[in-house]
Amino acid sequence: MLGVGIGRAREAIASHETLIVLARSTAEAGREARPDETMRLRQLARADAARYARSIGTDSPRTFRDRLSDSTHCYAVEEAGRILHASWVTTSCAWTRELRSFVCVGRGDAYVYESFTSADARGRGVYPSALREVCRALDERGVKQLWVAVEAHNEPSLRAVGKASFERAFELRYSRRLGRLALELPDAIKTDTPATGRPKKRRIWLSRDGAIHQGER
Ligand SMILES: CC(C)(COP(=O)(O)OP(=O)(O)OC[C@H]1O[C@@H](n2cnc3c(N)ncnc32)[C@H](O)[C@@H]1OP(=O)(O)O)[C@@H](O)C(=O)NCCC(=O)NCCS
């Protein structure tokens, strides 16, 4: 934990990062190979909170439950009753600490984030398989496109999303100097800050053509 604290302190002094944003259509997912029955993806429920907290460790049971909503779900791959992998998926917005902003998607799109495979299950293709299964589930719900954002230096994640047929759409660059965040966004990316509601934080809209505007949702 101390390491994390020092890392965050350094990050607050000066850092330059690139997020690679990728997307794929969900339409083909129904035709792609499926994992065997023992490794199927399952949408977690409030009752899974304690198991999630134990296996993944990033949330308490309470914060896990609080994050679930009609538009934000958590999916998991389990093996012998243990969670090997978890990914969050939203059809609205997800808070992204690095960007100090919500990352949002428009109608018909979804965004997958905070994906995590247990250290002892990595390299078995669990994440790409989970992503394909997420696409299949979203396709059945009428969602057409799934977005993901990966830090440019996260080679394992880039390899995994590549195997799951995601293609690069654009890059978001951000830098921080003495706590001040500077964002460098492509022209197509719109940002806004909701006039009402809480928290009043910047929203970054993922879109290929900038067609999403404030007030559309
Ligand atoms: C990124 C992550 C989710 C990938 O999950 P995964 O289920 O291991 O995915 P894959 O099995 O497809 O492995 C992806 C790549 O990880 C690397 N890898 C393989 N074995 C590994 C191991 N034992 N440990 C770490 N990385 C390994 C390989 O480069 C592999 O690609 P390759 O098979 O084409 O060589 C996982 O590494 C992880 O949880 N990392 C920490 C959290 C994170 O970075 N999340 C992603 C945020 S976008």
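Which residue in S12 is the bridge partner of Thr191? Keep that one in mind; we'll get to it at the end of the tour. Before you start clicking, remember that this is a predicted model.

**Stop 1: the whole chain.** Show the protein as a cartoon. You should be able to pick out five helices and twelve strands. The chain has 217 residues, and 30% of them are buried. Of the contacts between residues at least 6 apart in sequence, 62% join residues at least 24 apart.

**Stop 2: the ligand.** Now select the ligand and bring up what surrounds it. The shell holds 18 residues, and the closest are Thr117, Arg122, Gly123, Tyr127 and Pro156. Colour that shell by class and you get seven nonpolar, seven polar and four charged residues. Where do they come from? Strand S7 (109-117), helix H4 (126-140) and helix H5 (155-163) each supply at least two of them. H5 has the largest share, with five residues.

**Stop 3: the nonpolar core.** Hide the ligand for a moment and look inside the protein. The largest nonpolar core has 48 residues, and Val103, Val134 and Leu146 have the most contacts inside it. Helix H4 gives the most to this core: seven residues. Click on Val134 next. Leaving out residues up to four places away in sequence, Val134 touches Leu41, Tyr75, Ser87, Val89, Val112 and Leu146.

**Stop 4: His73.** Select His73, which you'll find in strand S3 (residues 72-79). Is His73 buried or exposed? His73 counts as buried because it has 21 C-beta neighbours inside 10 Å, and the cut-off for buried is 20 or more. Beyond its neighbours within four places in sequence, His73 is in contact with Gln43, Leu68 and Val89. Val89 may look familiar, as Val134 touches it too. Try a distance label as well: the C-alpha atoms of His73 and Thr91 are separated by 9.0 Å, with the two residues 18 apart along the chain.

**Stop 5: a four-stranded sheet.** Finally, select S5, S6, S12 and S11. They form an open sheet in the order S5-S6-S12-S11, with mixed pairing. Its edge strands are S5 (93-96) and S11 (190-192), each of which pairs on one side only. On average, neighbouring strands here are turned by 30 degrees against each other, ignoring direction. Zoom in on S11 and S12 (residues 203-206): this pair runs antiparallel and is joined by three bridges. Here is the residue we started with: the bridge partner of Thr191 in S12 is Ile204.

Note on methods
Residues are numbered from 1 along each chain as its sequence is written. This is a predicted model: local features need pLDDT of at least 70, side-chain atom pairs count only at pLDDT 80 or more; totals for chains, interfaces and linings use all residues. A residue is near a molecule or strand if its C-beta atom, placed from the backbone, lies within 6 Å of it. Helices (H or I, at least four residues) and strands (E, at least two) are DSSP runs, numbered from the N terminus. Ala, Val, Leu, Ile, Met, Phe, Trp, Tyr, Cys and Pro count as nonpolar, Asp, Glu, Lys and Arg as charged, and the others, Gly among them, as polar. A residue is buried if 20 or more other C-beta atoms lie within 10 Å of its own, exposed if 12 or fewer, and partly exposed in between; C-beta atoms are placed from the backbone. Two residues are in contact if their C-beta atoms, placed from the backbone, lie within 7 Å. A nonpolar core is a set of buried Ala, Val, Leu, Ile, Met, Phe, Trp, Tyr and Cys residues joined through C-beta atoms within 7 Å. Two strands pair if DSSP finds at least two bridges between them. Axes are lines fitted to C-alpha atoms, for helices over the stretch in contact, and angles run from 0 to 180 degrees between N-to-C directions.
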